[in-house]
Amino acid sequence: MTTLEVKLDLPESLAKEAQQAGLLTSKAIERLLRDAMRRRAAQSLLAGAARATRAGNKPLSMEEIQVEVDAVRRARKAGKRA
């Protein structure tokens with residue numbers, strides 16, 4: 001676990017609403033960051049698919065997609081151990 005100190009300059013009303021909603025806790029910010037990272041990864045995947053389509057590449061089969069997904073999962077798992 002890494003400890004970071006973050007300072008934010010927010011409009012007072014937003015800061016108050018976020019505080020009341022429980023969004024300024026470490027756990028809530030962790031969830032927000034994880035969600036943002038998943039959205040970013042999905043956008044990157046969709047952008048790559050669009051580039052491949054424009055380049056005239058044929059779509060991958062479900063088996064080919066699964067091979068790629070498995071490779072990414074192995075790489076992530078290996079990175080967490082390091």
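**Exercise 1.** Decide whether Leu-23 counts as buried, partly exposed or exposed.

*Solution.* Step 1: take the cut-offs, which are under 20% relative accessible area for buried, over 50% for exposed, and partly exposed in between (1.4 Å probe, protein chains only). Step 2: Leu-23 has 36% relative accessibility, so Leu-23 counts as partly exposed. Step 3: place the residue; Leu-23 lies in the loop between helix 1 and helix 2. Helices are DSSP runs of H or I with at least four residues, strands are runs of E with at least two, and both are numbered from the N terminus.

The model is predicted: local features need pLDDT of at least 70, side-chain atom pairs count only at pLDDT 80 or more, and totals for chains, interfaces and linings use all residues. Residues are numbered from 1 along each chain as its sequence is written, and side-chain values use heavy atoms, with hydrogens and water left out.

**Exercise 2.** Check the span of helix 2 (residues 26–54) against its number of residues.

*Solution.* Step 1: the expected span is 1.5 Å times one less than the number of residues. Step 2: helix 2 has 29 residues, so 42 Å is expected. Step 3: the end C-alpha atoms of helix 2 are 42 Å apart, which agrees. Just after helix 2, Gly-56 has a positive phi of about 85 degrees.

**Exercise 3.** Compare the radius of gyration of the protein chain with that of a compact globule of 82 residues.

*Solution.* Step 1: the radius is taken over C-alpha atoms, and the globule rule is 2.2 Å times the number of residues to the power 0.38. Step 2: the rule gives a value near 12 Å, but the protein chain has 19 Å. Step 3: add the burial; 2% of the 82 residues are buried.

**Exercise 4.** Find which helix has the lowest confidence and which the highest.

*Solution.* Step 1: pLDDT is the predictor's confidence in each residue, from 0 to 100. Step 2: helix 3 (residues 62–81) is lowest, at a mean of 90, and helix 1 (residues 12–20) is highest, at 97.
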